[in-house]
Amino acid sequence: MADKKNYYEILGLSKNASADEIKAAYKKLVKQYHPDLHPGDAAAAEKFKEVNEANEVLSDPERKQAYDMELNFRGAGPRPGGPGGPGGFGGFGGFGDIFNDIFSGMGGMGDAPGAPKDNSGDDIQAEMSLSFMEAARGCSKEFSYTRNEPCAACRGTGARGGTAFKTCLKCAGKGQIRITQDTMFGRTVRMGICPDCNGKGKVILDKCPDCKGRGINRKEMKISVTVPAGVDNTSYLKKRGLGQASTQGGPPGDLIVNFKVAPHRLFTRKNMDLYLDLPIPYATAALGGVVKVPDIENVFEYTIPEGTQSGTVFTLHGKGIKSRNGTGSLFLRVIVEVPTKLSRDQRKEMENAVKNFDIRQYDKAKKFSDAMDALYNVTPYSKK
């Protein structure tokens, strides 16, 4: 048993974690290791698989109770008369194999008598595509998806007219029965799903013709979703009660809308900060000047100081993405454009500028020139 996976550790939880904590940890990790975010990453894919496996067990009350009992025996250490010894369980390979055999034969240990049963409908995971600007600014969008809804003709009962059924005699309408089983640990009592009514508590006498006795129908849904400013590929929105209808008479599940944001032609984003490469003319970099810079709202003017080198990054606070958690910055990297094609007049103007330009007027160049002249009797800069 020592080599078995610990599902609580996989989800980063303690053994005393509540159902809400398990659900929250699962959703966080699924988003973190989703294959769409890690294409070709085998390690992330394996982690994604482990997280799903852990959630399947810990989110099911019956399987969780059985797993918790198994964990208790894992940590209990060897018992006197262990496997193969006097009074032991030779041939079963220890407590782990014993529990595996029992669980596989019993379908898991059931809820304790009187324990509440989660009969809500399943959640729906859906994806909404957003442009870069829609995600950055926020927007309202129409969203369509398909869900199971209670059948209107039978009011979700699955019986014709909503009345052609009777209370299950085996479970007295509870949907669960007590199951007693003798094991090597003694007699155990658990609650299990009633086989006669499949947990519904009633037996249909005449099936509803609209839903064929299922109590639910597939329906195309269209809703308006308000997307808050600043969402990204790790963000999601929960719409309570818009998931699958319950087949056990409970409340519907939730709709989980995961956002998929398209890249932008100009901007790169990191959290709430924006990064922009801005090409500027060579003359503007050398002499300084005013340039037009875009952000997510409009275009504004920014003054480039003279002597700006290509690759210089300017930080513009408050020009990033605005969200309820604050506002990011815009990191503006200047890329100096050197002309590749010049007209005859442009070339002549450039040549005249070069003839009249003395690099020795610049402080760094003067120091370098003096050092070269002193060491090697060579002047590296000379006017044409």
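**Entry 1. Terms and model**

I take a residue as buried when its relative accessible area is under 20%. The model I am reading is a predicted one. By that cut-off I enter Cys208 as buried, because its relative accessible area is 2%.

**Entry 2. The chain as a whole**

I looked up the secondary structure before turning to single residues. The protein chain holds nine helices and 15 strands. It has 384 residues, and 33% of them are buried. I noted an accessible surface of about 23,700 Å² for the protein chain, with 51% of this belonging to carbon and sulfur atoms. Among contacts with a separation of 6 or more, 61% are between residues 24 or more positions apart.

**Entry 3. Cysteines**

How many disulfides does a search of the whole structure find? I record zero disulfides. I then asked why Cys208 has no bond to the closest cysteine sulfur. That sulfur belongs to Cys211 and lies 3.9 Å from the sulfur of Cys208, which is too far for a bond, because a disulfide requires the two sulfur atoms to be within 2.5 Å.

I examined Cys168 in the same manner. The closest cysteine sulfur to that of Cys168 is in Cys171, at 3.7 Å, so the two are too far apart for a bond. Cys168 has a relative accessible area of 2% and is therefore buried.

I returned to Cys211, which is placed in the loop between β6 and β7. Cys211 is buried, since its relative accessibility is 1%. Setting aside neighbours within four places in sequence, I list its contacts as Cys151, Cys154, Gly158, Ile216 and Asn217. I also noted a separation of 8.9 Å in space, C-alpha to C-alpha, between Cys211 and Gly156, which are 55 residues apart in sequence.

**Entry 4. Two residues with positive phi**

Lys212 is not a glycine, yet I find a positive phi of about 60 degrees for it. Lys212 lies in the loop between β6 (202-204) and β7 (216-227). Is Lys212 buried or exposed? I enter Lys212 as exposed, because its relative accessible area is 58%.

Ala172 also shows a positive phi of about 60 degrees although it is not a glycine. I located Ala172 in the loop between β3 (165-167) and β4 (176-183). Its relative accessibility is 56%, so Ala172 counts as exposed.

**Entry 5. Aromatic pairs**

I counted six aromatic pairs. One of them is formed by Tyr7 and Tyr67, with ring centres 4.8 Å apart. I class this pair as tilted because its planes stand at 35 degrees, and the tilted class lies between the stacked limit of under 30 degrees and the edge-to-face limit of over 60. Tyr7 is in helix α1 (residues 7-10) and Tyr67 is in helix α4 (residues 61-74), so I note that the pair links distant parts of the chain, 60 residues apart. Both Tyr7 and Tyr67 are buried. I add that Tyr7, Tyr8 and Tyr67 form one aromatic cluster.

I looked next at Phe132 and Phe267, an aromatic pair that is stacked, with 6.4 Å from centre to centre and 10 degrees between the planes. This pair also links distant parts of the chain. Phe132 belongs to helix α6 (residues 132-137) and Phe267 to strand β10 (residues 267-270), at 135 residues apart. I enter Phe132 as buried because its relative accessibility is 8%. Phe267 is likewise buried, as its relative accessible area is 4%.

**Entry 6. Lysines over rings**

Which residue lies over the face of Phe300? I find Lys319 there, at 4.2 Å from the ring centre. For Phe165, I record that Lys202 lies over the face of the ring, at 5.7 Å from the ring centre.

**Entry 7. Asn258**

I located Asn258 in strand β9 (residues 255-261). With 17% relative accessibility, Asn258 counts as buried, because the cut-off is under 20%. Which side chain is joined to that of Asn258 by a polar contact of 2.8 Å? I find that the partner is Gln125. Beyond its neighbours within four places in sequence, Asn258 is in contact with Lys31, Gln125, Ala126, Glu127, Met128, Ser235 and Tyr236. Gln125 thus enters my notes on Asn258 both through the polar contact and in the list of contacts.

Conventions. Residues numbered from 1 in each chain as written. Predicted model: local features only at pLDDT ≥ 70, side-chain atom pairs only at ≥ 80, totals over all residues. Heavy atoms only, no water. Phe/Tyr/Trp six-rings, centres within 6.5 Å; stacked < 30°, edge-to-face > 60°. Helix = DSSP H or I, 4+ residues; strand = E, 2+ residues; numbered from the N terminus. Buried < 20%, exposed > 50% of the residue type's maximum accessible area, 1.4 Å probe, protein only. Lys NZ or Arg CZ within 6 Å of the ring centre and 35° of its normal. Contact = heavy atoms within 4.5 Å. Areas by Shrake-Rupley, 256 points an atom, 1.4 Å probe, with all protein chains shown as cover. Polar contact = N/O pair within 3.5 Å; in protein donor to acceptor, adjacent residues only side chain to side chain.
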